[in-house]
Amino acid sequence: MKNKVVLFYPRYDGPPLSAPLCLLALASPLLDAGYRVAVIDAAITADYESRIAQEIADPDTVCLGISVLTGPMIRGAIRVARRTKQEHPQLPVIFGGWHPTLLPEQTLQPDFVDAIVRGQGEVTFVEVVERLARGDGLEGVRGTTHKSSGKVVSEAERPVVNINQLPLPAYHLAEHDAYARICGIRKLVYATSVGCPYACHYCTDQVFYSRRFNALTASRTVAEMVELAQRYRAEEIALLDSNFPVDVHRAVAIARGIFESGVRFRWTFQASTDFLCRMSDEEVQVLAASGVTHMGFGTESASLEVLALMNKKHQRIDQMYETARKAEKASIHLTFNLIFGYPGETEADRIETFRIMGDIARQFWNVSFSPNIFTPYPGIDIWPQLRELGVREPQSLEEWIDLPLGQNILPWLQGEELRRLRSMLEYFLLHNQIRKATKNSRWMRAGLRRVLTAPVRWRVRTNHLAFPWELWLARGAEKLVTRRSLLTGQPLGHSMDEVC
Amino acid sequence: MVDVLLTHSYHLFYDRKQVRKMQPYPPLGTLYAAALLRQHGISVAVFDTMLNDPEEGFAAALARHRPQLVAVYEDSFNFLSKMCLTRMREVAFHMIRTARTAGIPVVVNGSDASDNAAEYLQRGCECVLLGEAENTLLEVIQALLGPYWPNWDRIPGIAFLRAPDGNLVRTAARPLIRNLETLPFPARDLVDLEPYRKAWKNAHGLFSLNLVSSRGCPYRCNWCAKPIYGNAFHARSAESVAQEMKLLKEYGADHLWFADDIFALKQRWAGELAAAVERLDAAVPFKMQSRVDLMTRPTVSALRRAGCAEVWMGAESGSQKVLDAMDKDTRVEQIVAARENLLRHGIRACYFLQFGYPGETWSDIQKTIELVRNTRPDDIGVSVSYPLPGTKFYERVVEQLGAKTNWSDSDDLAMMFRGAYRDEFYHALHDALHAEVETWNHAADTAAHSAPAVQELWERVFSLEKTCRSQTPMAGPRREVMATAAQFAD
């Protein structure tokens, strides 16, 4: 019987964080079921197409699985799937991941895709592989959408399993040295939970996990993280959880367990802005002592009106200050993610966000920002409203290639409106950057910064944006960090044009 | 040859008041650290400066033990170490210099080093261990003894100078040890107890040893800094404490001092201790410190069964207004009640008193004198408010602090900020009140303790009260943080 599965992770824009956790997680139950698994990540495999061709030439290959996020990953997925179908028309090609789950029928339309695994894939995919290995069809396999004699069949949803029942992802399959060479640091990604209890309108998480926080126990998390850090000599572990500290007691217990293990490594996570406030100052310091160096917060806006529009009323302004204060006291860096251009947001709302965020940054040295233009991902529940507002929804798998995070397809944010937002944003970031960095830089740049400080502060406060001579001057000397990884706080290589 | 030489900087003979009192105790905090290291397979020697000459003796200890590392690890259970006296800081600096000259790396822990890490680091120690540091010391030493130079960033609870710019870096604060049972008993076998026994027997006719049953204090008196054990309270099991009492009894101790910030916080624990002590026949008369509101009748009777002979309580003031301003969270009536409960069980009741709190007036001072006269404590410790780093009060008066920010020894009693009266007045008050209490508790046979001598001292207080008023005392009362040395006095 055939016993081999090939998994492919197409190239995302930007450098990889680490090995693709989704595929390692998928590989683990397959290995348990007795299959061989080849994982190919385009980020570290320059000749990935020939590598895949080589792997699938193996007659034992059951199928090719490809994980896809909305945006540029689709391009690589399509190229590889198409070529595979040309060379091995009988070999099933299965798509899974966020994008296919959100738009299964549309994704299944091209003839180079045979089936979609929707949602959490660990259980479903093993069942899919077992069927295919026996030469059977996928009728009745819950959580799949597949073609049956040319017709698209959508099977019933598979309930999300408690992730404590799933094995540790197959980290041993990844070439950790290759990622270390590219990233310059030995880093792992890991997830202690899936799901988030909130239902922010811009977010796709609820579509996958139905607002259920599904988390590993603290003791298993500690044992696995400590073991991984030691086995792979990781300097840092980035948690991919949607909202790590939802269970505050669990989060603190994990930190305490890592601290008490005596194994020292850095770790980072992302969260919504309210949970840190439920920890005592001492508990936040336990996070720091256990190695937390950065936290990313999906703050998105500081305008109460916009937060209400986003269905994000659980987040209060005072919690943003309190979060920054607690983190500063424990010397943990944090990044506030901001979304601009949400439908219904006015310029007054943006000014309010800049004002409050600027104030927080003045009070707390450890704060950075990562502003983004609102990206309407597939499957979010405000699409009817967006269509009414004139947003053109991509109509095919190919068209979604051009919608990476931050791509501006918002008809209400163009022309003069967009130009003013860009100026405000640039002044805001410049203001925070020169305020932070004046101390230790060379005298010429320091001098320039000193000259700029007063007028830039005035601009940010009063919102006078005409004749932006400071920006022209600063562009020569400053490299503005416009976007940051919410997981690790690292600057992402994007120009201002790509942000807006 | 050993891996680590542990030492500390408190030398009794550099502190004239303590020479008079002659109550030396082995460096308990240092011995706890030594015990933990030894438990983890690190060979340890201790050079104890309490009674040994800290300069020549340290050089000799270096030559004798040839350690790979030196740790100046202060006894943070001893209030004398916690006072951050400048004379002892000089000793620590001297040790750093001596060890460095011999090419041996040094790490430092203590209240003063935690508050002034930069000073110590600039003297050449590799890193300062901040706060409670047994586990930090273990981790640092394991790293230093390992094959690679340590990555200091990764070790929680230290301060170090980052190469090459020399910026001071403090790593994440280390959480407190929650389960004290994980620590072995202090390594008392590493110090010579004989000189202590002799000193005690000669001066007092008995031999006293120290131990602790808990760490930290959960109360928030707003003048108190807790740089080592924080605001949490963690207690050992009563059983283990009774076993250690038994052990010290076998060492020949006639008396024990519990160096806890606050002893027997919980009534139930006091009962468990009494039961365990009776079962093990471990009772030795002991002294400890607590709060007036904790001296309830059940607690006091349990303490009596466990051997308690003397309780020191932070009475602080006889003025409710001052107690409230301190966030002391006690009432004057509770002082009176505690004194009565202790009297009934034959336990000596002693007060810590504090003068000079901002907003304190002559009438408040008189209320305190009244309280002492009415309740007749067996002993008192008088001090003046003292701004400790890390308290809000310190931040507020930091501009008033002159070049002198620490007392040189424990008899100094200088006002470090602008109080309602000048130093002279508080010194006179201290002398008069002490002398009066002495007259009750000793036969008034010496001239100094006779009633006329005391009256003379009071006359001096009354006259200084008029002449020593500060021109611009700090406005008060403020509900802000003050620091005191009352808990350190006598």
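**Figure 1. Six strands of chain B form an open sheet in the order S8-S11-S12-S13-S14-S15.** The pairing within this sheet is parallel. The structure shown here and in the other views is a predicted model. Strand S8 (208–211) and strand S15 (379–384) of chain B occupy the edges; each has a single partner strand, so one side of each is left without a neighbour in the sheet. From one strand to the next, the twist averages 20 degrees.

**Figure 2. Strands S11 and S12 of chain B are joined by two bridges.** Strand S11 covers residues 255–258 and strand S12 residues 286–290, and the two run parallel. Within this pair, B:Leu256 stands opposite B:Phe286 of S12(B).

**Figure 3. Helices H14 and H17 of chain B pack on the sheet.** Helix H14 (residues 332–344) of chain B touches strand S13 (308–316) and strand S14 (348–355) of chain B. The direction of H14 makes about 155 degrees with that of S14(B). Helix H17 (residues 423–441) of chain B touches S14 and S15 of chain B. For H17, the angle between the helix direction and that of S15(B) is about 180 degrees.

**Figure 4. Helices H10 and H11 of chain B cross at roughly 40 degrees.** The axes of H10 (residues 238–250) and H11 (residues 267–280) of chain B come within 8 Å. At this crossing angle, H10(B) is therefore oblique to H11(B). The crossing of the two helices is right-handed. From H10(B), the residues in contact are B:Ala238, B:Glu239, B:Val241, B:Ala242, B:Gln243, B:Met245 and B:Lys246. They meet B:Trp269, B:Glu272, B:Leu273, B:Ala276, B:Val277 and B:Leu280 in H11(B). By residue class, the contact of H10(B) with H11(B) comprises nine nonpolar, one polar and three charged residues.

**Figure 5. Helices H3 and H5 of chain B pack at an angle of about 35 degrees.** Helix H3 spans residues 56–65 and helix H5 residues 86–101 of chain B, and their axes lie 10 Å apart. H3(B) passes H5(B) in a right-handed crossing. B:Phe58, B:Ala59 and B:Leu62 of H3(B) make the contact with B:Met95, B:Thr98 and B:Ala99 of H5(B). Five residues of the contact of H3(B) with H5(B) are nonpolar, one is polar and none is charged.

**Figure 6. Chain B and chain A meet in a contact between the two chains.** Eight residues from chain B and 10 residues from chain A take part. On the side of chain B that touches chain A, five residues are nonpolar, none is polar and three are charged.

Methods: Residues are numbered from 1 along each chain as its sequence is written. Chains are lettered from A and ligands numbered from 1 in the order in which they are written. This is a predicted model: local features need pLDDT of at least 70, side-chain atom pairs count only at pLDDT 80 or more; totals for chains, interfaces and linings use all residues. Two strands pair if DSSP finds at least two bridges between them. Helices (H or I, at least four residues) and strands (E, at least two) are DSSP runs, numbered from the N terminus. Axes are lines fitted to C-alpha atoms, for helices over the stretch in contact, and angles run from 0 to 180 degrees between N-to-C directions. Two residues are in contact if their C-beta atoms, placed from the backbone, lie within 7 Å. Ala, Val, Leu, Ile, Met, Phe, Trp, Tyr, Cys and Pro count as nonpolar, Asp, Glu, Lys and Arg as charged, and the others, Gly among them, as polar. Angles under 35 degrees count as roughly parallel, over 145 as roughly antiparallel, 65 to 115 as roughly perpendicular and the rest as oblique. A crossing is left-handed if the near helix is turned anticlockwise from the far one by less than a right angle, and right-handed if clockwise.
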